[in-house]
Structure formats: C-alpha cells, structure tokens
Amino acid sequence: MPKLTLNGKEIEVPAGSTIIEAYKQLDEPIAHYCWHPGLSIAGVCRLCVVEIEGNPRLQIACNTQIQEGMVVNNNSEKVKTAVKWGLDFHLINHPLDCPICDQAGECELQNQYMEFGKYDPEMAEPKVKKRKVVDLGERVVLDTERCILCSRCVRFTNEVSKTNELGIFNRGDRSEVGTFEDKPLNNKYSVNTVDICPVGALTSKDFRFKQRVWYLKNKPSICTGCSTGCNVNVYYNEEGVFRVKPHYNKEVNGYWMCDEGRDIYKHINRKSRMLRGRYKQNGVWCTTQALEVAKKAGQKLSSFKGEEIAVLVTGQYTNEELNSLVDYSVNKLGSKSVFHWKNNENNWQDFDGHLIRGDKNPNTKGLQGVLQKYAVGGEWKELENQLSKFKAVVVAGPENQSVYFDIKEKIESLKSLECVVWFTAGENSNFEKLSDNSYLIPQKTSVEKNGHFTNHQGLTQKVEEVTTILPEALNLEETVSLMLGNSLDLSIRDKQEMGVLKTNYFSQERGSL
Amino acid sequence: MSIVKKPGAIANWYLPGILIGMIFTLKKMIYNLFHKDKMPTLNYPEEKYEYSPRFKGQHVLTVKKDGSIRCTACMLCATNCPAQCIKIVASEHEDPTVEKYPINYEIDVLRCVYCGFCEEACPVDAIRMGPEWQKPGANGFNFTYDIQELAYRPQLKGGIESRLDEKERHDFGI
C-alpha cells in the first residue's frame with residue numbers, strides 16, 4: 001500500500017487508486033463535477049486540480065494515479081486560482097435561474113461558487129441560449145442551458161443501465177446533452193441520472209417544484225419496493241414524504257436504485273392511508289380509534305376455536321412484527337393454519353440483472369424464516385380449498401397495495417367468512433364489501449417503525465423510524481398486544497429527562513410567593 | 001427625571017395656572033376656527049392619512065407587462081419570513097422561458113409582522129410592501145390574502161408593474 005501526503009496529512013491507500021479517491025478517504029474537501037465513484041473517469045470538468053510536488057503543472061486528481069511518496073495539496077493559492085477561473089468557464093453560459101431551479105440548495109455549482117468563486121463575471125458576450133424544459137422521457141426533464149457537460153448522465157446510460165439513450169451533440173459552446181431521435185430516456189433506472197447531475201440540468205418530473213430542498217430533512221431507510229432491499233434516503237418534512245434517493249451500500253445496491261422504488265413514498269403519505277380504524281357491526285361501518293378496533297377484534301377472535309381461525313401473512317412487515325403475529329396465532333389462538341400470501345408467484349424469481357426483482361416484498365426471506373421457526377405455512381390456494389372449514393381470518397395485508405394486483409378478488413373471496421380482521425396501512429374501497437364483524441386496523445408503514453428486513457440474499461437490514469405520518473397507526477406488535485387485552489405500552493420519557501415538568505420554573509426562579 | 005417643586009406658598013396657588021392654560025386653549029380654538037386648513041388633526045374615519053410610498057404597509061405582488069404575476073415561486077420570501085406566514089404552491093408554466101410560477105400565494109396577515117424581509121429576499125422585485133396601512137375586517141373576515149387580493153385588489157388599479165421584465169432579461173442574454 002503506497003503512502004502519500006495530502007494537504008500535509010500522511011495517508012495509506014490501496015495501490016492503483018487515484019488522488020481523488022485518497023481525498024475522499026481522508027474526507028478532505030475537493031471540488032469535482034464529472035467524477036463519480038460509481039462511474040468511469042472522464043476528466044472533463046478540470047475542477048479537481050491539485051498541486052503535486054516536483055510537477056510544474058497542476059494535475060487533475062481524478063485521473064492521476066497514486067505513487068509512493070507523493071506530496072499533494074489542493075489548498076495552495078495556485079490551485080484556488082485555477083479552480084476559481086475554471087468555475088468561471090463553467091458559468092459563462094450557465095443561466096442565472098437558481099431561484100426557479102429545483103437543484104438550488106443541493107447544487108454543487110452553487111456550493112463551489114460560494115467556496116471558490118465570488119467574482120464578478122468577466123464575460124462581456126451574451127449567453128448562448130439553448131433549449132429549456134425538454135421532455136426526455138417518462139420521468140426526466142432536461143434543461144440544456146444549465147448543463148455543464150460533465151457527461152455523468154451519458155456515462156451512466158453507457159455503463160450502468162447500458163441503454164445508451166443520452167449523448168452529447170454539437171460542438172464548442174453549442175454542445176448539449178440530448179437523446180437520439182425517437183429514443184426517449186425510458187429505462188428503468190432513468191432517475192439516477194437526476195441524482196448524479198451536479199447541477200439542475202436534469203430534474204425529476206415527479207419531484208419538480210413540489211418543495212425546495214432546504215425544507216426537507218432526510219434519514220436513511222430501506223426501500224420496500226422489492227426483495228433487493230436497496231438502502232435509501234427518505235426526504236420528508238412535516239407535510240409528508242416527498243422523494244426517495246439511493247444511499248450507498250456496497251453489498252446491496254451500490255450507488256443506484258430503480259425508478260419503481262422511487263414511487264414507494266406515494267403509499268406512505270397521508271393521502272393513500274387508512275386514517276382511522278373501522279369495524280362493521282349490524283351492517284354499519286363504525287369509525288373509531290385504531291387501538292379500540294384492535295381490542296374489539298381480539299375479543300371477537302377469542303370467541304372462536306383455534307381450528308376455526310386462519311392467519312394470512314405477507315412479506316411486507318418486519319421480522320419482529322411477523323414473529324409476534326405468528327406467535328400469537330400459534331400459542332394464543334391455537335391455530336396452526338398460517339398461510340403465506342404471495343402476490344406474483346409466476347415471476348417470483350425474475351431478476352433484471354441489476355437491481356429489480358420479481359418478488360415485490362421486502363421481507364419474504366424473513367417471513368419464511370419465521371414460518372419455519374414455528375413449523376407452519378401454506379399457500380393462499382390451500383386456504384381457498386378449505387375455506388369452509390374456517391370461520392374467522394386474520395390478514396396481515398400488504399403495505400404497498402399497488403403490487404398486489406389481485407387484492408380486489410382476495411377481499412371478495414373472504415366475504416363469506418364470519419369474521420375478518422385486516423391489518424392495512426393503505427385505504428382500499430373494496431374493504432366496504434366485507435361482511436359483518438370485519439375489523440380494519442390501520443398500520444404503520446416502513447418509515448414509521450423500527451425493525452429488521454431480510455432481503456433476498458439473506459442479509460438482515462435495520463429500518464429505523466424516519467418520521468410520523470399517522471400518529472394513530474399501530475405496528476403489528478402493538479396490535480397483537482392490544483388484541484391480547486393488554487393496554488398500549490406507551491414509553492413515557494424519564495422524569496429526569498423531562499426536567500421542565502419536574503420543577504416549576506417560576507417558583508424555582510422567583511422563590512415562593 | 002425628577003420634579004422640581006418651587007418652594008413657597010405661591011406654588012400652591014393653582015388658579016393662575018389654570019387661567020394661563022384656559023387662555024392658551026381659547027387662543028388656539030379661535031385660531032383654528034379661522035384657519036381650518038392648518039389644523040394638525042384628522043377626522044379619522046372620513047379622512048385618512050396618506051403615508052409616503054416608502055412606507056412598509058400592505059403587501060403587493062407586482063405584475064409583468066402583460067398583467068400576469070411576476071413571482072417565480074422561488075420561495076425565498078417564505079424561507080426568509082420570520083413569522084412563517086407565506087405559503088406558496090408552485091407549478092409548471094406553459095412557457096419554457098418562464099418555467100415556474102405560483103398557482104397559489106397566500107399571506108396570513110395576522111401572523112405577519114411587517115418586517116419587510118420578504119421584500120428584501122425577493123430576487124425579482126415580485127413582492128413589495130406598499131403604502132396602504134389599514135384593512136379592518138369584521139368577525140369572520142378572511143385575513144389570509146391570496147393572489148387576487150395581493151396583486152389585483154381594486155386599490156392597485158390593475159396591478160403594479162415590476163421593474164424587472166423577463167422578456168427584456170432574456171433578450172439581453174441574461
């Protein structure tokens with residue numbers, strides 16, 4: 001492993017790596033647009049220039065390999081001047097439309113101007129006008145004026161999605177990114193080009209103008225779109241979740257995620273959720289709190305014998321939740337009839353060679369593990385064959401209903417049963433058709449609870465609570481606990497922690513009156 | 001500040017003081033009777049005081065030459081607002097050179113503290129604070145002003161034109 005000195009600090013890096021990788025390893029700031037760790041090296045932006053001792057000219061860090069004993073710095077005056085005027089070249093034809101640009105706030109050009117630039121432009125000529133608001137495809141909009149021709153998106157379609165839709169056309173200051181005729185950017189990974197675009201040239205149609213990015217907070221989570229379990233960052237504020245971006249994980253998804261997975265926030269938001277618990281009594285739907293419905297459901301279920309109850313589970317819940325439900329079924333209800341509801345068994349094993357898998361549940365492996373542990377399990381078909389045997393059914397319904405195409409038929413097939421308890425995060429108009437003694441209990445979605453998902457590789461990944469969208473919703477563990485007749489275990493904060501309540505501020509500060 | 005009391009019995013005679021005051025009042029009254037135009041007070045509800053155009057009063061959203069709203073929905077005013085009383089919903093404009101515009105712009109004037117930070121933050125002279133200073137409302141009056149109220153209220157006579165025009169900027173090559 002060669003050793004080198006960066007900005008006066010010694011560092012040891014793997015042989016064959018470049019200077020910019022060493023900078024990243026050291027966590028030192030270095031300006032760069034065209035270099036991306038997941039793509040090949042282009043060396044077109046010329047902003048990552050560094051000064052190497054013994055070398056009369058500045059070199060670009062992204063394309064210079066490390067040698068033993070190199071002494072490199074990027075904080076000398078010479079480098080700063082080079083970056084500053086390099087930035088000026090990038091900004092010659094860049095429009096001044098940060099206020100209406102969606103990238104503003106997370107734009108590398110803005111950041112670097114604030115760090116290195118802050119000059120008056122020396123270009124007297126008017127800016128070259130190019131095409132604006134170009135519809136590239138289903139999900140991406142292009143603004144060629146803002147583009148700085150870093151070619152990240154072109155390299156992405158060449159190397160990662162391997163669909164080659166994008167290219168750089170024309171020459172000189174008229175060169176612009178574009179698609180070939182009649183070939184829109186419609187691959188399954190197209191929004192990644194928006195993520196890697198360092199400026200606002202490529203914007204996502206879905207997120208465009210919804211929020212300014214500085215209003216959003218983000219936290220890491222796991223994508224529930226399929227069994228790959230991509231690591232994502234969820235961007236949210238008090239109004240809900242607005243977008244999902246990939247989060248680097250070498251073992252699972254690398255730097256990318258698919259376009260389908262970016263839609264998972266839609267079934268998380270309030271608009272598509274079941275807001276209150278419901279139960280049907282004497283032909284009338286009553287709306288009340290989720291915990292009350294859970295208690296009522298538990299009482300009703302206890303009036304059936306164990307053999308009369310069937311439990312249906314989907315792989316859309318965390319390991320802990322599934323464990324508690326199956327445990328409840330086997331040990332408390334005394335029913336060994338636990339069935340696995342698979343949504344699309346025909347293309348269960350599909351894989352597009354990159355990230356997208358046919359199994360659209362985040363936790364199928366985890367569910368199979370739980371079913372094995374309790375030595376239960378079966379298919380929906382088995383349930384249908386012996387449906388007359390059962391009087392009551394407990395369904396842990398899917399959180400993401402859009403991938404369960406048969407949900408309508410499945411709900412209708414359960415109409416004949418005496419009692420249906422359905423745990424669901426999303427609203428569905430077909431629930432109205434259920435018979436008397438049906439209980440609908442709103443559940444938390446993956447961004448609202450803590451737990452673990454096991455992906456197709458058998459890798460168990462942690463999900464943490466990101467935000468609260470529906471305060472009333474319960475998770476499966478809480479529901480099961482309520483159905484057993486326990487009260488909800490609200491974790492009240494420690495009294496020491498709540499110092500404000502412990503001592504009366506006024507009496508302490510001002511003495512007794 | 002301390003009150004200095006003159007010593008002696010004469011200071012306790014209040015009658016001369018009252019008389020001096022009455023004479024002063026009478027003089028002013030007679031003067032005002034014959035010089036009505038020089039009177040410094042106003043008959044308030046009928047007469048209203050006109051502040052200078054620089055007065056930071058009621059918000060105005062400026063318009064372009066064609067009468068459409070100037071605001072680009074960049075949300076810098078809403079970001080800068082210390083009272084968080086501005087709410088904007090942006091949308092895609094048909095014209096690609098305009099690109100973004102507000103379909104809803106609301107100011108909750110009861111929350112507003114009239115600090116003028118929105119005016120300062122605006123990069124395109126789209127929001128100003130005008131000289132209008134009073135807008136009373138009865139019970140149930142809607143104090144959340146929308147675009148119609150902020151840009152096209154009757155007092156503005158068809159809207160106030162912004163100094164910056166998009167078309168001019170575009171032709172100039174900015």
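Two strands are taken to pair if DSSP finds at least two bridges between them. With that in hand, the predicted model can be read strand by strand. Strand E7 (residues 140–142) of chain A and E10(A) run antiparallel and are joined by three bridges; within this pairing, Leu142(A) has Leu202(A) of E10(A) as its bridge partner. Both strands belong to an open, antiparallel sheet of three strands, ordered E6-E7-E10 in chain A. Strand E6 (134–135) and strand E10 (202–204) of chain A each have a single partner strand, so at these edges one side of each lacks a neighbour in the sheet.

Another set of pairings involves the start of chain A. Strand E1 (residues 3–6) runs antiparallel to strand E2 (residues 9–12) of chain A through four bridges, with Leu4(A) partnered by Ile11(A). Two residues lie between the strands of this hairpin, where Asn7(A) adopts a positive phi near 50°. E1(A) also has two bridges to strand E5 (residues 71–73) of chain A, this time in parallel, and here Leu6(A) is found opposite Val72(A).

Turning to a helix, H8 (residues 364–373) of chain A has Thr364(A), Lys365(A), Gly366(A), Leu367(A) and Val370(A) buried. Their cover includes strand E16 (309–313), helix H7 (319–333), strand E17 (338–340) and strand E21 (451–454) of chain A. After H8(A) comes Ala375(A), with a positive phi near 55°.

Finally, the contact between the chains draws on eleven residues from chain A and 16 residues from chain B. On the side of chain A that touches chain B, seven residues are nonpolar and four charged, with no polar residues.

Definitions and conventions. Residues are numbered from 1 along each chain as its sequence is written. Chains are lettered from A and ligands numbered from 1 in the order in which they are written. This is a predicted model: local features need pLDDT of at least 70, side-chain atom pairs count only at pLDDT 80 or more; totals for chains, interfaces and linings use all residues. Two residues are in contact if their C-beta atoms, placed from the backbone, lie within 7 Å. Ala, Val, Leu, Ile, Met, Phe, Trp, Tyr, Cys and Pro count as nonpolar, Asp, Glu, Lys and Arg as charged, and the others, Gly among them, as polar. A residue is buried if 20 or more other C-beta atoms lie within 10 Å of its own, exposed if 12 or fewer, and partly exposed in between; C-beta atoms are placed from the backbone.
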